[in-house]
Amino acid sequence: MYERTDETQLAPLPSDWPEPEALGFGQYLGPYLTEASHRAESGWSAPSITPRAASQVPVASGAVQYGLSVFEGLKAYRDPSGNIHLFRPHAHAQRLQASARRLCMPAPPENLLMTLSRLAVQVHAALVPPYGRGSLYLRPTLFAEEECLGLRAAARHRLSIAVSACSDPQPKTLRLWAEPELIRAAPGGLGAAKTGANYAAGIAGLQRARERGYDDVVWLDAHTHTQLGEAGTMNLFVQIGTELITPPLDGTILAGITRDSVIALLRERGVRVLEQTVDLDTLLAAQSAGMLGGAFGTGTASRIARISTIGDGTREIRFANRGLAEDVGSWLKQVQEGRVTLREASHAEWRVAVS
Ligand SMILES: Cc1ncc(COP(=O)(O)O)c(C=O)c1O
């Protein structure tokens with residue numbers, strides 16, 4: 001197993017690299033991939049470091065032809081002392097395994113993902129923004145690289161981690177389009193797997209939202225088109241009275257790690273959080289009764305984003321411009337960046353040191 005990196009493989013900070021605040025998300029990629037391959041007959045290879053520019057995916061692979069690809073998105077942060085840690089890598093590893101099983105791909109062992117993630121951060125340590133000003137986003141991707149045009153589970157796969165230096169997400173307020181016609185996931189489908197097919201199924205909804213002047217789409221349930229699911233890349237929380245409600249993990253939405261962290265942080269602070277279905281009529285009724293509070297979305301990329309509106313072309317739900325979004329965002333930022341001590345036993349593994 002790889003323990004250390006060769007000096008020649010440490011990515012330097014390029015002279016034209018932007019200030020952390022100008023990095024945005026997903027645009028400034030690191031020059032290396034950390035990788036391991038899997039062969040049905042021999043299992044996982046030792047980890048390696050490859051120049052990203054040299055990476056090739058065959059056109060005839062299961063990944064390109066049939067979408068046999070699953071991925072994760074997690075972040076590495078600097079703490080106030082400048083040390084780097086990963087946020088909830090074990091939870092991300094477990095979700096990658098679940099996604100892989102759903103698509104009949106080999107589930108990478110947790111320690112393999114940890115080794116590759118640590119290595120990816122070590123190699124790109126110079127690109128990790130200073131404390132409080134951003135993060136290094138890791139994109140572990142498992143894909144079928146075997147060339148075969150017949151449809152079957154593949155015998156050769158690769159797990160590869162690309163990284164991107166990102167700004168700290170700035171507070172934003174979103175208007176969401178509740179898509180009334182298209183569906184993205186149904187019970188028994190792929191909604192809970194983090195796989196390209198879900199995003200391919202969703203891109204038209206995002207387009208339709210943008211054409212109508214909204215920022216993102218909200219997917220509704222496939223049967224009745226009334227119950228909230230999730231946004232394009234975020235889980236949803238809405239406040240009615242003093243309670244926060246988030247749709248349940250029914251297999252049609254992603255089990256967001258940020259969602260899970262937010263539920264834990266809210267409950268620790270005595271806020272009642274319900275994981276239950278919530279439909280558009282309930283929100284409209286709460287609005288009429290003056291009970292509708294704020295709403296927000298959660299995700300690794302944007303942390304917490306306030307939601308001002310959910311509309312479907314005939315109705316418009318307007319959330320209050322108050323509520324917990326800012327508080328939750330700052331609690332989470334402090335936890336993610338290592339500014340607060342994690343006392344809860346259940347949180348002990350949330351931050352994992354890189355070196
Ligand atoms: C469809 C979808 N839902 C929810 C989320 C939020 O998940 P997490 O908090 O683990 O980033 C994401 C982000 O990756 C997503 O793509």
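Me: A polar contact is a pair of N or O atoms within 3.5 Å. How far does a polar side-chain atom of E230 lie from a nitrogen atom of the ligand?
Reply: This is a predicted model, in which local features need pLDDT of at least 70 and side-chain atom pairs count only at pLDDT 80 or more, while totals for chains, interfaces and linings use all residues. Residues are numbered from 1 along each chain as its sequence is written, and side-chain values use heavy atoms, with hydrogens and water left out. For E230, the distance between a polar side-chain atom and a nitrogen atom of the ligand is 2.6 Å.

Me: Which side chain has an N or O atom 2.5 Å from an oxygen atom of the ligand?
Reply: I257 reaches an oxygen atom of the ligand with a backbone N or O atom, at 2.8 Å. The side chain with an N or O atom 2.5 Å from a ligand oxygen atom is that of T258.

Me: How much of the area that the ligand exposes when taken alone does the protein buries?
Reply: Around the ligand stand 16 residues (each with a heavy atom within 4 Å of it), and the closest are K194, Y199, E230, T258 and T300. Taken alone, the ligand exposes 380 Å² (Shrake-Rupley method, 1.4 Å probe), and the share of this that the protein buries is 95%.

Me: What is the radius of gyration of the chain?
Reply: The chain holds seven helices and 19 strands, which are DSSP runs of at least four residues (H or I) and at least two (E) respectively. The globule rule (2.2 Å times the number of residues to the power 0.38) gives 20 Å for 355 residues, and the chain is close to this, so it is as compact as a globular protein of that length. Taken over C-alpha atoms, the radius of gyration is 21 Å.

Technical notes:
Polar contact = N/O pair within 3.5 Å; in protein donor to acceptor, adjacent residues only side chain to side chain.
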